[in-house]
Amino acid sequence: MIEKNTLNLKANTSAAPKSSSTLLAQPWRILVVDDDEDIQSVTRLILANIMFKNRPIELISAYSAAQARDILTVEKNIAVALLDVVMETDNAGLELVKIIRHELHNNAIRIILRTGQPGHAPEENVIIDYDINDYKSKNELTAQKLFTAVIAALRAYETIVSLNKTRHGLEKILQSSDSLFKVQSMHEFSSGILTQLSSFLDCKPQGIICIEENTTQKHQPINTLTDNMKITAVTDEFACCLQCNLDGSCGHSELASLIKLAYTKREHQFAGNYSAFYLETGVAKATIALVCSEHIIDSSDQTLLEVFTSKISIALENAVHYQKMVSLEKAAVTDFLTGLYNRRQLLRLGIPLLAQASRNNPLAVAIINIDFFKHINEKYGHDLGDVVLRKVGELMLEHFREKDLISRYGGKEFCIVAPTLPANEAFVLFDDFRKLLENTPIEIRPNENIKVTVSIGITTDLCPNLDDMITAAESLLYQAKSAGRNCVFVR
């Protein structure tokens, strides 16, 4: 039988005081499988007060192999099983070993077989035939020997878990590389990084992404941090932080401090269940990803995260390059004021449409001119004139078809190339827009609206090149203006 004379055994590997993260550390979980109530009680008495690597021990009791199987099926991270051989059957414990290793595929748990009948299950046969880690006779298993066996098993379990984490972590790094390098915008990057990090840490995607912007100096003092950092993505419990300026006003003052610490020290920060990752590349501004995990980030996790976040930094550089390219391309093809196509893009996209046009595949080209726009500028100023131009552009995008090319062609003129649109249908489409605009008040100042009208010229007569059709549409526009404006002329 197990001796009861050894109490309060401790195996502290560090004399350091408990930190806040230590208090959050998960206990070592040990499953005691034995149908003898006395054995259960004595085991609990001996092991209850043990601390190993600043983590306590949590004992889980099972009184049969069947009950133990149910527990192991549901409960995770059980480090050690103290397993009796003879319970509901003479070999119930041995059968449970097979189930653990082959059915549950749990190769990490350390199994210490304890038996009161060594002759029934000879040690040599059991060690060779069953995947166990230690074999003890209850008659010789003193409190000290039990303590030693358990600590040795915990050390082995920790090593196996660390190796498994490394293997799984490297697998996740490889699996995530493709998706990281496919990121094509900062918005996608901001939301995707939370998913990737959370997947890596085996937790729900809970976190915050902060991206530095408008920074003129490489190193910024702490009191200017909130002016340079913008929160671009949040999930779950951090939804209230989206409009936060990182001063803790959202109620997460400690997390805001952790983000600032990662920024100023330019390195990852770990505090309990929270991790603030500092990401930077040669061309990208600093990015902080704060993730809430469901467990403490241990040293093996931190080592792998160094590798993983280096991948993210490369993906960040890729996203920044792509974003710049998109911005430059957009600037080259759009009108900065209205966001519509500019004249160059209209001609580039419109020429192929004209090449495809025929009698059975008509094409309409329209010139739209804002009536008396000069008077609007003179009366209200050019800034409010710009408000009118933007509103007219917005209404065009809402009204015309998705396949129509809408552009700002000049100061107060817009040009639209509309494929598959015969003259009669073109008149209806553009006259409906004229009516819509006439009946839509445009707010130029708070509580001050004006009404705007347009004159429109449309041609459906196909010409060899697009410029000729635009000239024809302009001629019809002049006729509409001569007829009193606020009307549509089509041919």
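# Exercises on a predicted model

**Exercise 1.** In this predicted model, in which sense do strand 5 and strand 6 pair, and over how many bridges?

*Solution.* Start with strand 5, residues 110-115: its pairing with strand 6 is parallel and covers 4 bridges. For a landmark, find Ile-112, which sits opposite Asp-134 of strand 6.

Next, look at what packs here. Helix 2 (residues 37-47) lies on the sheet and touches strand 1 (28-33), strand 3 (55-62), strand 4 (78-84) and strand 5. The direction of helix 2 makes about 175° with that of strand 3. Then there's helix 4 (residues 92-103), lying across strand 1, strand 4 and strand 5 and running at about 175° to strand 5.

**Exercise 2.** Work out which strands stand at the edges of the sheet.

*Solution.* First, write down the order: 2-3-1-4-5-6, in an open sheet of 6 strands with mixed pairing. Now read off the two ends. Strand 2 (51-52) and strand 6 (134-137) each have a single partner strand, so each has one side with no neighbour in the sheet.

**Exercise 3.** Take Lys-53 and Asn-54: where do they lie, and is each one buried, partly exposed or exposed?

*Solution.* Step one is the location: Lys-53 is in the loop between strand 2 and strand 3, and Asn-54 is in the loop between strand 2 and strand 3 too.

Step two is the backbone. Phi is near 55° for Lys-53, a positive value in a residue that isn't glycine. For Asn-54, also not a glycine, phi is positive as well, near 60°.

Step three is accessibility, where buried means under 20% and exposed means over 50%. Lys-53 has 35% relative accessibility, so it counts as partly exposed. Asn-54 has 16%, so it is buried.

**Exercise 4.** Find out which helix gives the most residues to the largest nonpolar core.

*Solution.* Begin with the core itself, which has 34 residues. Ile-368, Ile-370, Val-388, Phe-400, Phe-430 and Phe-433 touch the most other members.

Now list the elements that each supply at least two residues: among them are strand 12 (363-370), helix 12 (373-380), helix 13 (382-399) and helix 14 (423-438). Helix 13 gives the most, with 6 residues.

To see one member up close, pick Ile-368. Beyond its neighbours within four places in sequence, its contacts include Met-396, Phe-400, Ile-416, Phe-430, Phe-433 and Val-454.

Finally, don't miss the second, separate core: it has 26 residues, including Ala-62, Met-87, Ile-109 and Leu-113.

Methods
Residues are numbered from 1 along each chain as its sequence is written. This is a predicted model: local features need pLDDT of at least 70, side-chain atom pairs count only at pLDDT 80 or more; totals for chains, interfaces and linings use all residues. Side-chain values use heavy atoms; hydrogens and water are left out. Two strands pair if DSSP finds at least two bridges between them. Contact means heavy atoms within 4.5 Å. Axes are lines fitted to C-alpha atoms, for helices over the stretch in contact, and angles run from 0 to 180 degrees between N-to-C directions. A nonpolar core is a set of buried Ala, Val, Leu, Ile, Met, Phe, Trp, Tyr and Cys residues joined through side-chain atoms within 4.5 Å. Buried means under 20% relative accessible area, exposed over 50%, partly exposed in between (1.4 Å probe, protein chains only).
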